Amino acid sequence: MIYMEPEMLGWRPLLLSWLNTLPKTLKEDNKELIRDLFDRMETALLQFIRKGGFKELSPTNDANLVYSHMSLMETLMDEFQDEEEFKKLNEREVTAWLECIYLFAAVWSLGATVPADGRKAFDAVFREIIDGALSLETKGKYHIITIVDPPPRPFLCPFPHKGTVYDYRFIKEGMGKWELWTDEIKDAPPIPKEMMFNEIIVPTVDTVRYTFLMNQLVTHQKPCLFVGPTGTGKSVYITNFLLNNLSKEKYKPLLINFSAQTTAKQTQDIIMSKLDKRRKGVFGPPLGKKTVIFIDDLNMPAREVYGAQPPIELIRQWLDHWNWYDLKDTTPIHLVDIQIIAAMGPPGGGRNPVTPRFLRHFNTITITMFDDITMLKIFGRVMDWHLTTNGFTRDFLPVGEAIVNATLSVYKNAMANLLPTPAKSHYLFNLRDFARVVQGVLLSRPTTTPDHNTLKRLWVHEVFRVYYDRLVDDTDCSWLFDFTKDETKKSLGVEFNILFQHLDVKATGTITEDNLRSLICCDFPDPKNDSKPYVEVTDLNNLRKVVEGYLDEFNNMSKKPMNLVLFRFAIEHVSRISRVLKQPRGHALLVGVGGSGRQSLTRLAAHMADYELFQVRYLTVILRTRVVYDLIVDKLCGTEFVIGQLYDESE
């Protein structure tokens, strides 16, 4: 047995092998230039990533990063493959292009794994290396020990000084030029009026550059992995790219979601069911097409007893050897014209670390959290779209902008102050919560919003439904109430007590948490109104009569009538469930002790929304190590999952 120490082997053998695969149009001088760039800059950048004090969301190794760098460079060399095109370039242009291709690929391979707080530092170090030798101060600050010599001559087309190296893409024209990503979104089309909220993609710098990188890697058969926290848009970016940007004549996308219960057999069966038999033992998409498999939540599968994740090991076998084995007779199955793109969150919270033997195949790109400016731009544009397309007067536009600013403030402070603990493990807030507040405000209509204060009250209601309803501690509830009260005055410019003075039944002049229980917005106060506008309830007694009418109607139609007393809390909870059902992709998890009315109120809310309820019951089969759920679903209109006493007798 010979143990190959990665540090002793290094990355240079990979570089030398790769240089031999470059287009034949490139001369030895061109290859020497590429080799010199790697020798001068690569080691220092790798040491910055390893010792600079910034933790990668998905750990990588040096060989993987250098291989990713070379792969991305390869995707940018299409012009060098065509001899006729290459002859049009002079030697100086070829040199400039190769330098810029190296620099751009370094940013989006080595620099792409760095988290948001490390990208400014990477930008500073990278620019310093481009301009000359590294200073002792920089080397000491980021623990870079290698010697970086000044370049033999200045770069022919260096990065512009404005902004960071992440802000530019390389355009192959003449001697080459750097263009801002933002230039792509200047002429972005307006959001269509009929667009659903969950389908809206507002073009930003992130959407442009990640789509470009996806296109480069996928069209050149390079596996790529996008890593980022929940709510940063990984799945949306990739799904939109596969379904709307790729050529449908050439590519056939296949979308798979991994979960903790995904098995290797399920994974193989899903993929094989979408492939055709080309000839004996060879499977692939229809002739002339390529299948792009998108695996979402890649690191979710549970680990088995030896620490491996079987679905991932199956995919790794395919990437290593391009074959599987038939599950019936164990004959080899050779897979052709298939490639993979994947997304996952950082390890933790049910997600597991993935073996480096699998990750070595991928170009890893970290999708960072949006900064404040980007979030305000995204949701500000969505809010403007709603107010203008639905016929609100122009004086509502500043109110919409103020609501987005206030939502950002609540979102950031909730993440900073409402932290998860073992007793509050569900205190996990992300960008989706920001979106849910805005989505709730977007249910407003001009006919039911006579003034600015009505829209502001709706915003407070949505903040409480998204954040307050999740809280289980009185101290946390009081903090959110007080913060929302202060934010209403600060961002919306109105006193909280004046805004809700109609809820002050005792005329004390001060609104309390208990008063705010009477703030209910729903779409069923007027059963005769077919448009079902989402409005603030002004008469709770009338609302109770309306809900009782729906209950009587349900009991007359149902084989299992419900004998319920609709007291105050029941009315509040029905309105909350109805609010979730009204929204696209609305999902609710109802937590409470047995007999608290979760099932009954869900049935009633589904009936009120004209949904057909389908209740899924888990049938448990007790095995030696775990519970197997036999779940058979044939309808998913209004679906209620009932989790009863599920247990493993061996534990």
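In this predicted model, strands β5 (residues 276–279) and β6 (residues 282–284) sit side by side as an antiparallel pair, joined over three bridges. Asp276 faces Gly284 of β6 across the pairing. The turn that links β5 to β6 has just two residues between the strands, and in this hairpin Gly281 takes a positive phi near 80 degrees.

Zooming out, the domain assignment splits the protein into four pieces: domain 1 (6–186), domain 2 (213–366), domain 3 (371–506) and domain 4 (519–650). Take the meeting place of domain 3 and domain 4. Here 16 residues of domain 3 are in contact with 12 residues of domain 4. Together the two domains bury about 1200 Å² between them, and 58% of that is on carbon and sulfur atoms. On the domain 3 side, the residues that lose the most area to domain 4 are Leu443, His461 and Arg465, which together make up 42% of what that side buries.

Charges and polar groups also turn up at this boundary. Side chains of opposite charge can pair when their charged atoms come close. Between domain 3 and domain 4, the count is three salt bridges. Elsewhere in the tally of contacts, five residue pairs are in polar contact between domain 3 and domain 4, with both partners at pLDDT 80 or more. As for where the domain 3 side comes from, helices α17 (431–441) and α18 (452–466) each supply at least two of the residues that touch domain 4. Of the two, α18 deserves a second look: it gives the largest share of that side, seven residues. By type, the residues on the domain 3 side split into six nonpolar, five polar and five charged.

Salt bridges can also be counted over the whole structure, where a search finds 33 of them. One pairs Arg579 with Glu462, whose closest N and O atoms are 2.8 Å apart. Another joins the side chains of Glu184 and Arg169, again with an N to O distance of 2.8 Å. Glu184 lies in the loop between β2 (177–180) and α10 (205–219), while Arg169 belongs to strand β1 (residues 168–171), so this pair ties together parts that are 15 residues apart in sequence.

Methods:
Residues numbered from 1 in each chain as written. Predicted model: local features only at pLDDT ≥ 70, side-chain atom pairs only at ≥ 80, totals over all residues. Heavy atoms only, no water. Domains from an automatic or database assignment. Contact = heavy atoms within 4.5 Å. Buried area = accessible area lost by both parts, 1.4 Å probe. Salt bridge = Lys/Arg side-chain N within 4 Å of Asp/Glu carboxyl O. Polar contact = N/O pair within 3.5 Å; in protein donor to acceptor, adjacent residues only side chain to side chain. Helix = DSSP H or I, 4+ residues; strand = E, 2+ residues; numbered from the N terminus. Nonpolar A, V, L, I, M, F, W, Y, C, P; charged D, E, K, R; others polar. Pairing = 2+ DSSP bridges.
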